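Colleague: I am new to this structure and would like to go through it by question and answer. Please show the model first.

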Amino acid sequence: MLIKKTDLPFVLAELKKLYPEVIIPLKHKNAWELLMAVILSAQCTDARVNQITPSLFKKYPTPQALAAADIKDVEKIIHSAGFYHSKALSLIESSKRICEVYGGKVPQSMKELLTLRGVARKTANVILGDYFGTPEGVVVDTHVKRLSFRLGFTRQTDPVKIERDLMKLIPRDKWQWIGIALILHGRSICPARKPFCSKCPLAPSCPKNGVRQAQ
């Protein structure tokens, strides 16, 4: 069941009360560090990434330094992030392209970001929306996918199609915020296995059949 249009303002208002600000949980000092952290965060917790990146950025403080790194050395540093072979290659290759094609600066368009190894729409949306403040879409990770289904924002299961539905449903000025809000809500109140519906302020407008199907 899709959410009623009359219920959407209530859901967005309640989420805004819970998560009024866009807070990026990944520690970073600039766009490049955030990009590296987001690449590392695939199937890895933000807490783990935040334990890894200080050592990574101490040894490789710039895109130029990481672009010239030995992949084995990078793998040792990021080993605990999982999938460290492919992630190390993505960190190095994306840094190389940033240096060789974009003058050492992270590009600021979806089209350009998607040319970087290890960057798909989710990562690009984080950089564009949460760092540069120029969102071209909505971040869709596993939490956003799950909550979008449960709340009746979409009936799609493909992340790209989910993003399209969210972009049609959610006002553009809320694209940057809604992804982070749903991620935080998914972690704290609406986890995958056992959502705490009795504690959820969104419950009055949450389609019950959507909750049952998603579980």
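**Helix 8 and its surroundings**

Colleague: Which helices are included in what covers the buried residues of helix 8?

Modeller: Helices here are DSSP runs of H or I with at least four residues, while strands are runs of E with at least two, numbered from the N terminus. Buried means under 20% relative accessible area, exposed over 50% and partly exposed in between, with a 1.4 Å probe and protein chains only. Contact means heavy atoms within 4.5 Å. What covers the buried residues of helix 8 includes helix 2 (31-40), helix 7 (110-113), helix 10 (159-169) and helix 11 (175-188).

Colleague: Which pLDDT do local features need?

Modeller: Residues are numbered from 1 along each chain as its sequence is written, and side-chain values use heavy atoms, leaving out hydrogens and water. This is a predicted model, in which totals for chains, interfaces and linings use all residues, side-chain atom pairs count only at pLDDT 80 or more, and local features need pLDDT of at least 70.

Colleague: How many residues of helix 8 are buried?

Modeller: Helix 8 spans residues 121-131 and is mostly covered. The buried residues include T123, N125 and D130. Of the eleven residues in helix 8, the number buried is eight.

Colleague: How do helix 9 and helix 11 cross: roughly parallel or roughly perpendicular?

Modeller: Axes are lines fitted to C-alpha atoms, for helices over the stretch in contact, and angles run from 0 to 180 degrees between N-to-C directions. The axes of helix 9 (residues 142-150) and helix 11 come within 8 Å and cross at roughly 85°. Angles under 35 degrees count as roughly parallel, over 145 as roughly antiparallel, 65 to 115 as roughly perpendicular and the rest as oblique. Helix 9 and helix 11 are therefore roughly perpendicular.

Colleague: T142 lies in helix 9; is T142 buried or exposed?

Modeller: T142 and P159 are 17 residues apart in sequence, and their C-alpha atoms are 8.8 Å apart in space. The relative accessibility of T142 is 56%, so T142 counts as exposed.

Colleague: Which helix gives the most to the largest nonpolar core?

Modeller: A nonpolar core is a set of buried Ala, Val, Leu, Ile, Met, Phe, Trp, Tyr and Cys residues joined through side-chain atoms within 4.5 Å. The largest has 62 residues, and L35, L56, L66, V74 and L91 have the most contacts inside it. With nine residues, the most is given to this core by helix 2.

Colleague: Is E75 buried or exposed?

Modeller: E75 is in helix 5 (residues 71-78). Leaving aside neighbours within four places in sequence, E75 is in contact with Y84, H85 and A88. Because its relative accessibility is 8%, E75 counts as buried.
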